[in-house]
Amino acid sequence: MEQDPRYYNNNEWNNTPQPPYQPTIIVGEREQKGSSNLAVTSLVLGILSILFSILLFWIFYFAFIMGVIGIIMGIVSIAQHREGKGLAVAGIITSVIGLLISLVLGLLIIIGLAVMAV
């Protein structure tokens, strides 16, 4: 005679049946938190934009492009209410600084080449 496993509890046989397993159902929206990857990327691009503008000024256009992309990523990170808002703001600030430095150095290079050509 085979015993029903529902009646077995704590290594002892019980006469009362165990209630069946019922999963817990949570109703409502789960709070979604995004990662701070965009904010970190914005900060890294801003820092690289500053470094490339100052150290490698002959490729100022590359630093300009990185600054623009860093600004866009920082704004998107803030607009999506992701984690790392401070990182996103710092990324926007460093990207703007790198962008301005690359613009000034680019204009100086272009003016210098124009003066040398005359």
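## Exercises on a three-helix chain

H81 lies in the loop between α2 and α3. Here, helices (H or I, at least four residues) and strands (E, at least two) are DSSP runs, numbered from the N terminus. The model is predicted, so local features need pLDDT of at least 70 and side-chain atom pairs count only at pLDDT 80 or more, while totals for chains, interfaces and linings use all residues. Residues are numbered from 1 along each chain as its sequence is written, and side-chain values use heavy atoms, with hydrogens and water left out.

**Exercise 1.** Describe the backbone of H81 and decide whether H81 is buried or exposed.

*Step 1.* Start with the backbone: H81 is not a glycine, yet its phi is positive, at about 55°.

*Step 2.* Now the surface. Buried means under 20% relative accessible area, exposed over 50%, and partly exposed in between (1.4 Å probe, protein chains only). H81 has 69% relative accessibility and therefore counts as exposed.

**Exercise 2.** Lay out the elements of the chain in order.

*Step 1.* Count them: there are 3 helices and 2 strands.

*Step 2.* Walk from the N terminus, and the order is β-β-α-α-α.

*Step 3.* Look at the whole chain: of its 118 residues, 22% are buried.

**Exercise 3.** Work out how α1 and α2 are placed against each other.

*Step 1.* Take the axes, which are lines fitted to C-alpha atoms, for helices over the stretch in contact, with angles from 0 to 180 degrees between N-to-C directions. Those of α1 and α2 come within 8 Å and cross at roughly 160°.

*Step 2.* Name the arrangement. Angles under 35 degrees count as roughly parallel, over 145 as roughly antiparallel, 65 to 115 as roughly perpendicular and the rest as oblique. The two helices α1 and α2 are therefore roughly antiparallel.

*Step 3.* Find the handedness: the crossing of α1 and α2 is left-handed, meaning that the near helix is turned anticlockwise from the far one by less than a right angle (clockwise would be right-handed).

*Step 4.* Sort the residues of this contact (heavy atoms within 4.5 Å). There are 11 nonpolar, 8 polar and no charged residues where α1 meets α2. In this sorting Ala, Val, Leu, Ile, Met, Phe, Trp, Tyr, Cys and Pro are nonpolar, Asp, Glu, Lys and Arg are charged, and the others, Gly among them, are polar.

**Exercise 4.** Bring in α3 and see how it is packed.

*Step 1.* Begin with its extent: α3 covers residues 85-117, which is 33 residues, and reaches 48 Å from its first C-alpha to its last. That is close to the 48 Å expected, where the expected span is 1.5 Å times one less than the number of residues.

*Step 2.* Compare directions. The axes of α1 and α3 come within 7 Å and cross at roughly 25°. That makes α1 roughly parallel to α3, and the crossing is left-handed.

*Step 3.* Look for the covered side: buried residues of α3 include A88, G91, I92, T94 and S95. Among the elements covering the buried residues of α3 are α1 (37-55) and α2 (60-79).

**Exercise 5.** Trace the contacts of S42 and G70, beyond neighbours up to four places away in sequence.

*Step 1.* Place S42 in α1, where it counts as buried at 0% relative accessibility. Its partners include G70, M73, A88 and S95.

*Step 2.* Place G70 in α2. G70 is also buried, with a relative accessible area of 0%, and it touches S42, L45 and S95.

How values were computed
Left-handed = near helix turned anticlockwise from the far one by under 90°.
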